[in-house]
Amino acid sequence: SEPIEIEDRLESLICRVGEKSTSSLESNLEGLAGVLEADLPNYKSKILRILCAVARLLPEKLTVYTTLVGLLNARNYNFGGEFVEAMIRQLKETLKNNLYSEAVYLVRFLSDLVNCHVIAAPSMVAMFENFVSVTQEEDVPQVRSDWFVYVVLSCLPWVGKELYEKKDVEMDRLLSQIEGYLKRRVKTHVPMLQVWTADKPHPQEEYLDCLWAQIQKLKKDRWQERHILRPYIAFDSVLCEALQHNLPPFTPPGHMPDAQYPMPRVIFRVFDYTDAPEGPVMPGSHSVERFVIEENLHCIIKTHWKERKTCAAQLLSYPGKNKIPLNYHIVEVIFGELFQLPSPPHIDVMYTTLLIELCKLQPGSLPQVLAQATEMLYMRLDTMNTTCIDRLINWFSHHLSNFQFRWSWDDWSDCLTVDLEKPKPKFVKEVLEKCMRLSYHQRIVDIVPPTFSALIPADPIFTYKYPDESACKTARHFVFFNAIKNRASNEEILTVLKEVPNPNQEDDDDEGESFNPLKIDVFLQTLLNLAAKSFSHSFSALGKFHEILKTLANSDEGKLHLLKVLYEVWRNHPQMIAVLVDKLIRTQVVDCAAVANWLFSQDMAHEFTRLFIWEILHSTIRKMNKHVQKIQKELEEAKDKLEKQQHKRDMDKNSEDEEGQLEEQIERLQEKVESAQSEQKNLFLVIFQRFIMLLTEHLVRCETGSVDISTPWYKNGIERLQQIFLMHHATIQQYMGTLENLLFTAELDHHILAVYQQFCALQL
Amino acid sequence: MSVKLNALNSDSYIDISQYRDQHFKGNRYDQEKLLKQSNTLYVGNLSFYTTEEQVHELFSKSGDVKRIIIGLDKIKKTACGFCFVEYYTRGDAEHAMRFINGTRLDDRIIRTDWDAGFKEGRQFGRGKSGGQVRDEYRQDYDPARGGYGKLAQQHRPTEVRNSF
């Protein structure tokens, strides 16, 4: 255990260098270099592994570690060489395993090693040249060449100056090649990824365009970059004595069909220098400082997201924080991640909790910046992507629930003067609904000014479908009420049910099996009313009468009507509707396609723009996806078992039976998988078909009436279609062929087809 | 080459706590094993008025909730300030430990902890008066948890009478 203790100590020493200390960073690095040099004879491979790992996993401390490697190389040339070789091996591994963001950090590390006299500049330029030559490849996805260009550009803030000093002709040629590539690349995907559709006040730039502009400006400034912390400058006299290594020629690995390159991004901007009036000036959107700050803050979140206190502390102790309006950068980066399309890098709730931690640590300044950002986001709701508005609703309501729902609602009274379907009043309405779910109805009434009463959510109480109280108390309801309440058996209830006439039929169906909407009305309403007290009561009721429900809903019409009745009695309590629909799917009373058809039905048209509809739809799709994944996993496990069994067969003659059983099981699972996938494909087809029908109807109506298509309803509809693609892109990829042949054909209105084309462009 | 560094792998919010259920049927090792695999969380410091719906809304933010069992006073059978939240997957429960534990529900900072798994009977408070043990002995006044602690309440009535 002694070696293990020493290895842990080495790990700890290396990981913690650069953190708050009584000594200066330089003296800590000097000291650590000495310790490591002394340990090289016995622990060289361990030290190599740790240093490679921090290069990959702690990019926010890049220059601290490159300096350390520089010092080690100056003391031990061979070690420097071995480290470079190990890094190249690691780079190949990360690329092979689709770990593209880590690969970026590795290349950036290598490029900063030029500044530390570990790697010779010409060999770095040669690697960059090989990367940029990928832009000449034909028949490869654009996202592949995008990545190689991104890597080169993103290293230049660190090493541009040094490379230009040594190899300006080659670098100019490189940049010119990049410029040519950027001009000819396709940017169909950009609208789908933008948080706002408007360009004012801040354009939502595509990430490569923004980085290019930043590098152009850096070049104009003669590569003078003042933000990056460069500890190696203090050691220049030692480092420039060191011998440099040449990077081995590095050929980028060829394109593989299963490669998953990173998706393109849009740079999120909500602040500029005018928004932080006091204190240090915020670097401009095309300054390289902005790029470096944002990059480092993203890296800190990536490293520490699981531990919110540490994450908040690390963000707030960003080196060089006194020269920038750090709180503004932090808030902007966090919202940038939260609103990222298709999806945030981490689970949404992490950002809520991280912001709360930050408010705790900086109570005198951060809450104000957050309020300012919220105000700005509210002001720009009209052009904000619907998916992003959803996330803003969820964040804001959850945030408020941690601060006694204190907010200056009066500041937003402008939203009361417009059509309530417009984005601003709609946003406030949905926020108040979510706030109510985390508290209770009267609380919401109390926290908003009386002028906001039109936006207050309905009191979430059960309402009978029949508006007339006496109609509810018909003999049938009364009989049911007693039958259910008195714990009649299922058979007894079915007997009573048999007597409910079927308005759809003349003759009495002896079996009582055909679709009878009245039976469903009476039974379900009574049951749900009795169980209305809580979710648990309702779940218990659905469980107890599961067989009856399945019988009543054993046709497509039956399922649809069941959902219709459910909605009608709980229409004031969308949360209850959602959890009941979830239960009905999980207990297989209704299937996913039935839910999709119900949500798109005419009866639900008036709710089409409400958030709870989409939450139910996406939850339904997710359940379908998880179901398919589960069976696929079972199939894989059975196949693995069979393989193992077949190896055993050679040794044990009796295992033939087991093999046979396994083969049967695999056949059954195979069928199950195919059936599940077929159901999944059908679900997406239903959803897309419905969208196309609804949206086309609107577009045609507007065209014939010469009316502007851009109504709030249309904006919601087209962006909800986009949202289906964005939220389930991995699954939908499998069905692209069918979608293109059956649905997204050239005959489609170009507005709708554009959404499909933008989606396809995401992975090209 | 994909080395994981212990120093960087900290995920302390999902560690199991010191608490062990004294009524657990099995030894310490069994209990700890279950805690480390569990999808169920104990949630404490709830208001007596916090509803299942509120718990569901909050805890759904870290994943799909399988079921919620509201803790009840053993005698009165009313909510007594705790509950269990069971998720379908461990990963979702871990997110709750990381991001919902220590935040507010119904204006109160709630606390989550791993639970070895719900068993019938565990939904009842174990304090002598029927509620949770912590409400037997606490000295402070908490209007959302029945006012003063049960022991303190036994002394209070005399004081109130004397004040008139």
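## A look at Arg144 and the A–B interface

The side chain of A:Arg144 makes a polar contact with that of A:Tyr261 at 3.2 Å; such a contact is a pair of N or O atoms within 3.5 Å, where within protein one must be able to donate a hydrogen and the other to accept it, and residues adjacent in sequence count only if both atoms are side-chain atoms. This is a predicted model, with local features needing pLDDT of at least 70 and side-chain atom pairs pLDDT 80 or more, while totals for chains, interfaces and linings use all residues. Residues are numbered from 1 along each chain as its sequence is written, chains are lettered from A in the order in which they are written, and side-chain values use heavy atoms, leaving out hydrogens and water.

A:Arg144 is buried, at 2% relative accessible area (buried means under 20%, with a 1.4 Å probe and protein chains only). Beyond four places in sequence, its contacts (heavy atoms within 4.5 Å) include A:Val134, A:Glu137 and A:His255.

Now for where the two chains meet:

| Chain A with chain B | Value |
|---|---|
| Residues in contact | 44 residues of chain A, 35 residues of chain B |
| Buried area | about 3,700 Å² |
| Salt bridges | four salt bridges |
| Polar contacts | 16 residue pairs, both at pLDDT 80 or more |

Buried area is the accessible area (1.4 Å probe) that two parts lose on being put together, summed over both. Carbon and sulfur atoms give 52% of it here. A salt bridge puts a side-chain nitrogen of Lys or Arg within 4 Å of a carboxyl oxygen of Asp or Glu; B:Glu57 and A:Arg437 meet in one at 3.3 Å, N to O.

Methods. Buried means under 20% relative accessible area, exposed over 50%, partly exposed in between (1.4 Å probe, protein chains only).
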